[in-house]
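Please open the structure in your viewer and keep the selection tool at hand, since each stop below begins with something to pick out.

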Number of protein chains: 2
Amino acid sequence: MSTAGGRARTEQPIERSLHQRIRADIEDRILSGAWSPGHRIPFEHELMAQYGCARMTVNRVLSSLVEAGLIERRRRAGSFVRRPVGQSAVLRIPDVKAEVLARGETYRYELLSRARRRATREDRGRIAVAAGAPVLALLCRHVAEDRPYALEDRLIALDSVPEAAAADFAAELPGTWLLRHVPWHEAEHTIVAAGADAAIAEKLAVPVGTACLVIERRTWRSDQPITAVRVWYPGDRQKLVARFTPSTDAGAGR
Amino acid sequence: MSTAGGRARTEQPIERSLHQRIRADIEDRILSGAWSPGHRIPFEHELMAQYGCARMTVNRVLSSLVEAGLIERRRRAGSFVRRPVGQSAVLRIPDVKAEVLARGETYRYELLSRARRRATREDRGRIAVAAGAPVLALLCRHVAEDRPYALEDRLIALDSVPEAAAADFAAELPGTWLLRHVPWHEAEHTIVAAGADAAIAEKLAVPVGTACLVIERRTWRSDQPITAVRVWYPGDRQKLVARFTPSTDAGAGR
DNA sequence: AAGTGGTCTAGACCACACC
DNA sequence: GTGTGGTCTAGACCACTTA
């Protein structure tokens with residue numbers, strides 16, 4: 001072909017380059033959940049046909065998705081949507097259950113309370129749902145070796161995740177349940193230190209005023225709020241580690 | 001050329017592909033400081049000549065370095081090493097001074113103590129220097145509106161940063177000074193909540209036992225320890241925010 | 001054996017910025 | 001204008017994996 005490079009520009013003169021458009025298409029389908037983890041995305045030759053472009057172009061897109069950690073590729077098999085990693089490679093938010101079990105301690109989880117209600121003013125400060133939208137409020141306690149380990153105060157937006165209303169959160173950790181039902185969401189963590197007030201202290205079986213690490217995580221999926229959770233860890237027992245290399249934050253790298 | 005694709009494999013049969021090798025070369029030079037921020041890296045045609053490869057290959061490498069946030073590229077001008085961003089795009093470690101000034105409050109900084117010594121056992125637990133290696137120990141207080149705001153307890157490895165011995169840390173924040181002298185380092189943050197003990201409480205002018213957010217940052221440059229700093233924030237006054245999108249953690253993305 | 005991804009080439013046109 | 005990066009092509013060889 002003689003008009004090699006100019007083609008894409010000529011055909012999509014609006015804004016994005018072809019590979020950006022392809023990447024956005026695939027990324028949207030993954031992040032929206034249309035292609036859930038494990039889904040095989042089209043082969044390179046299929047994408048070539050679909051977008052009418054060279055293999056190098058789709059290959060470049062798929063490679064960048066690998067770097068971003070969104071997909072994995074296996075020869076002869078194809079390219080697959082990855083299961084989202086813990087939360088992030090950089091900030092290791094502790095998976096309480098896994099860590100406790102890893103230390104060889106017993107782990108138990110208790111659902112202290114569960115309430116379905118229309119979002120109160122305070123709820124709406126934590127999770128950006130519409131006024132009066134239904135939410136599920138959960139209070140859970142993680143117990144290691146029969147000692148309270150962490151307290152989890154969670155709201156779930158039922159408009160976004162209606163199936164949560166019927167889930168049995170006494171049997172399955174809300175976090176685990178949500179990860180199975182709503183993979184690939186965006187998250188924001190806020191981390192503060194606070195002294196335990198009377199109510200918290202009692203449930204954690206620590207003195208009032210004990211310094212706690214409070215991690216609040218709010219998650220969305222394409223601008224729809226999913227959940228807001230506030231976890232109280234007695235401070236000396238839990239720490240967060242975040243590690244940054246200037247480059248290679250996300251992915252395979254080298 | 002007839003033996004198109006096989007070339008790199010044939011010439012570097014050991015392990016890495018050509019573009020990985022080129023990327024590693026450039027990345028090492030940036031992270032080691034050989035090419036400091038602002039440095040213009042070779043033009044694509046120069047790299048082509050140097051590695052004897054096609055332009056597409058070096059272009060791919062440079063594009064990935066842009067995505068990783070290591071370089072920026074300007075048409076007609078060239079490609080340049082970027083200045084490292086604050087700390088990380090994901091975890092916003094507060095720049096105390098900037099935040100205080102942004103609120104329109106007065107800011108002051110006090111160097112409470114400065115000592116040059118051979119690393120003690122405790123020092124070596126914080127910063128992995130050799131036994132007896134010289135370290136600079138600083139204790140600083142950040143003051144907003146004449147109220148103590150945060151306490152900074154820092155060690156600097158003088159073997160790695162000998163110029164620090166002569167720096168005037170009463171005049172310039174150690175963090176700022178280090179960023180100017182040692183850009184592009186690897187960092188690890190550990191975040192815990194702790195109650196202020198008597199010494200800390202007195203210097204922060206808060207009651208003993210006040211819940212504080214303690215952020216410890218340790219930084220290296222190619223496995224050489226640079227500094228270890230522990231910052232105490234009275235808990236209610238400071239919070240950390242970390243935001244993750246599953247994809248596009250690092251870079252330009254979209 | 002066949003089909004997938006991994007990598008590379010040699011060339012092309014374009015946009016853009018600076019001269 | 002001139003030279004940089006931005007993008008794309010059409011084809012190639014290879015390695016690996018699975019059938």
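Begin by selecting B:Arg23, which is buried in this predicted model, because its relative accessible area is 10% and the cut-off for a buried residue is under 20%. This arginine belongs to helix H2 of chain B, and if you display its side chain together with that of B:Glu27, you will find the two joined by a polar contact of 2.8 Å.

From there, move the selection to helix H3 of chain B, which covers residues 44-51. Which residues of this helix are buried? They are B:Glu44, B:Leu47 and B:Tyr51, and when you turn the view so as to look down the axis of H3(B), these buried residues fall within an arc of 60°, so they line one face of the helix. The general background is that an α-helix has 3.6 residues a turn, so residues three or four places apart point the same way. On the other side of H3(B), select B:His45 and B:Ala49, both of which are exposed.

Next, ask the viewer for the surroundings of the buried residues of H3(B): their cover includes helix H2 (18-32), helix H4 (55-67) and strand S2 of chain B. The helix that holds B:Arg23 is thus among the elements that cover this buried face. Before leaving H3(B), step to B:Gly52, just after the helix, where the backbone takes a positive phi of about 60°.

Strand S2 leads on to the sheet of chain B, so select its three strands together, as they form an open sheet in the order S1-S3-S2 with antiparallel pairing. Strand S1 (40-41) and strand S2 (71-74) are the edge strands, each of them pairing on one side only. Now restrict the display to S1(B) and strand S3 of chain B, residues 78-81, and you will see an antiparallel pairing over two bridges; within it, B:Ile41 stands opposite B:Ser79 in S3(B).

Finally, switch the selection to chain A, for which a few overall values are useful while you look at the whole chain. Chain A contains eight helices and 11 strands, and of its 254 residues 48% count as buried. Among the contacts in chain A with a separation of 6 or more, 59% are accounted for by residues 24 or more positions apart. If you then draw the surface of chain A, the exposed area comes to about 12,500 Å², of which carbon and sulfur atoms supply 49%.

Technical notes:
Residues are numbered from 1 along each chain as its sequence is written. Chains are lettered from A and ligands numbered from 1 in the order in which they are written. This is a predicted model: local features need pLDDT of at least 70, side-chain atom pairs count only at pLDDT 80 or more; totals for chains, interfaces and linings use all residues. Side-chain values use heavy atoms; hydrogens and water are left out. Helices (H or I, at least four residues) and strands (E, at least two) are DSSP runs, numbered from the N terminus. Buried means under 20% relative accessible area, exposed over 50%, partly exposed in between (1.4 Å probe, protein chains only). Contact means heavy atoms within 4.5 Å. Accessible areas come from the Shrake-Rupley method with a 1.4 Å probe; for residues, only the protein chains shown count as cover. Two strands pair if DSSP finds at least two bridges between them. The arc is that of the directions from the helix axis to the C-beta atoms. A polar contact is a pair of N or O atoms within 3.5 Å; within protein, one must be able to donate a hydrogen and the other to accept it, and residues adjacent in sequence count only if both atoms are side-chain atoms.
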